[in-house]
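Please find below a short note on the structure, set out as numbered points. The first points concern the ligand and its surroundings, and the last ones concern the protein surface.

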Amino acid sequence: MPGYESEARPPKGLRNGITLSRPMIQRPRGTRDFGPAEMAGRRAIEAAMRAACQRFGFGEVVTPTFEHSELFTARSGEAIVDEMYVFRDKGDREMALRPEITASIIRYFVNEMSKVPRPLKLYYVGNCFRYENPQSGRYREFFQLGAELIGTKTPETDAEVIALAVNCVRDAGLENFVVRVGHIGILKSLVRSEIEDEKTAAEALRMIDKEDFDALGDLFDARAISRRLFDRIVALADTKGGAELLDKLEKSEATEHLKEVFSVLKLYGIDECQIDLGIVRGLDYYTGMVFEIDAPKLGAEKQVLGGGSYTLSELFGGEPVFSTGFAIGIDRVALALKAESAEAGYAPIDAYVIPAKEDMRKYAFGIVAKLRQAGIRADVDLMRRTMSKNLKYASSAGARFAIIVGREEMAKRKVVIRDMKTGEQTQVPADFLGDELKKLLA
Ligand code: HAM
């Protein structure tokens, strides 16, 4: 039941024999509800990636969900600005729901952290909003985990950020992914070598980003730009493969920088990176190294991560400061894991306590309370069901064990543990139930 289906499909008429008086209110298009099983999977992904950020010395920060819209219109690029959720607040200020979090982090840095010793290593997790055409893997509300290394622009800075990104994706459990690293400076200077008009250059870069070379050819013809430049751009955008490709290119600051990035990555034991000089990135603020990670199993929306080096601080009233960062689409990582079927099975409860008869009910509450105190995820019958209905419920709720409290057991201060997978039953003293279950769960 993907969240991109429909905005308002009022179900009419009868439902379960009851006449509905009002149409059901649907969630907004491009948004999703997440149930307990899905949330458990998403939280596990998030926890693994947070742990990677902390291992690399990054500290967590949280910034507002909405900002003054100019924060994003300043340099995020036309594509993002067109997709922004913008509104006027009651004080007639133009606000925007954040389409990404990098700009907010740099604003926070300029506002409050510019005196902190550099480099600064910050990470964040949050929801973002883009008014996009929803489809699988592309939503209007989506979730990112990102990291920004602020105040340095050395090749080792870029390598550190790429290494963290790879660790995050790996630790989340993804096995099939491709890391592509490029340098926006190489493409930009080639495009600008013959195209002076900024707008045309930006349009050309957008087409290269989408690998729409037919449209690029048409643009060049319409503006009488040389075919020689077109051929050189296509050849550069097609430079994809091992780091040795850098040796075949005309030597420049950018190629030497990338060579050093790759050599540090090697020292970090990160060998899965490829060169891809066709990476442009959808956001306009990048100045140097750019990189993306794809999960090929995802099809059209396969890019799970994007990042690179940039400067933004001078636009927000600070001094120019170089930074490198990335953001991972948590939704896409979850989809990719599903495609790889690496998702762990979800069991919301370990033990479901069933009183065999009415007069064992109070005893059952004492048992469930003790289990919870012992850190075991435990639940108890709240609907006064019969034994067979309770066992059926325990099974459908995914309980690993049922704890049956019968009259005879209660008299002896004992309970029965029923393995819900095998049906095997064992009697244990009630006082040792917690320890016994912990052993079985381990
Ligand atoms: P971005 O490439 O726009 O970069 O987004 C990063 C990731 O967010 C994408 O790779 C994708 O996985 C996910 N994503 C983007 N849009 C959607 C959507 N509509 N639905 C689902 N997932 C989506 C940035 O946001 C930059 N701030 C990254 C960065 C940080 N650069 C430097 N520092």
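1. In this predicted model, 26 residues surround the ligand. Those that come nearest are Glu-100, Thr-102, Glu-132, Tyr-139 and Tyr-286.

2. Two of these residues deserve attention for their polar contacts. The side chain of Glu-100 has an N or O atom 2.5 Å from a nitrogen atom of the ligand. For Glu-132, too, a side-chain N or O atom lies 2.5 Å from a ligand nitrogen. A backbone contact may be added: a polar backbone atom of Gly-329 is 3.4 Å from an oxygen atom of the ligand. On its own, the ligand has 660 Å² of accessible area, and the protein covers 96% of this.

3. Which strand gives the most to the shell around the ligand? It is β13, which provides six residues. At least two shell residues come from each of β8 (141-150), β13 (303-311) and β14 (322-329).

4. The composition of the shell is mixed: eleven of its residues are nonpolar, eight are polar and seven are charged.

5. A separate matter is the protein surface, where Phe-365, Leu-382 and Met-383 form a nonpolar patch. Together, these three residues have about 340 Å² of accessible area.

6. Within this patch, Met-383 is located in the loop that connects β16 (378-380) and α13 (387-396). Is Met-383 buried or exposed? Met-383 counts as exposed because its relative accessibility is 57%, and the cut-off for that class is over 50%.

Definitions and conventions: Residues numbered from 1 in each chain as written. Predicted model: local features only at pLDDT ≥ 70, side-chain atom pairs only at ≥ 80, totals over all residues. Heavy atoms only, no water. Near = heavy atom within 4 Å. Polar contact = N/O pair within 3.5 Å; in protein donor to acceptor, adjacent residues only side chain to side chain. Areas by Shrake-Rupley, 256 points an atom, 1.4 Å probe, with all protein chains shown as cover. Helix = DSSP H or I, 4+ residues; strand = E, 2+ residues; numbered from the N terminus. Nonpolar A, V, L, I, M, F, W, Y, C, P; charged D, E, K, R; others polar. Patch = residues over 30% accessible without salt bridge, like charges linked within 9 Å, V, L, I, M, F, W, Y side chains within 5 Å. Salt bridge = Lys/Arg side-chain N within 4 Å of Asp/Glu carboxyl O. Buried < 20%, exposed > 50% of the residue type's maximum accessible area, 1.4 Å probe, protein only.
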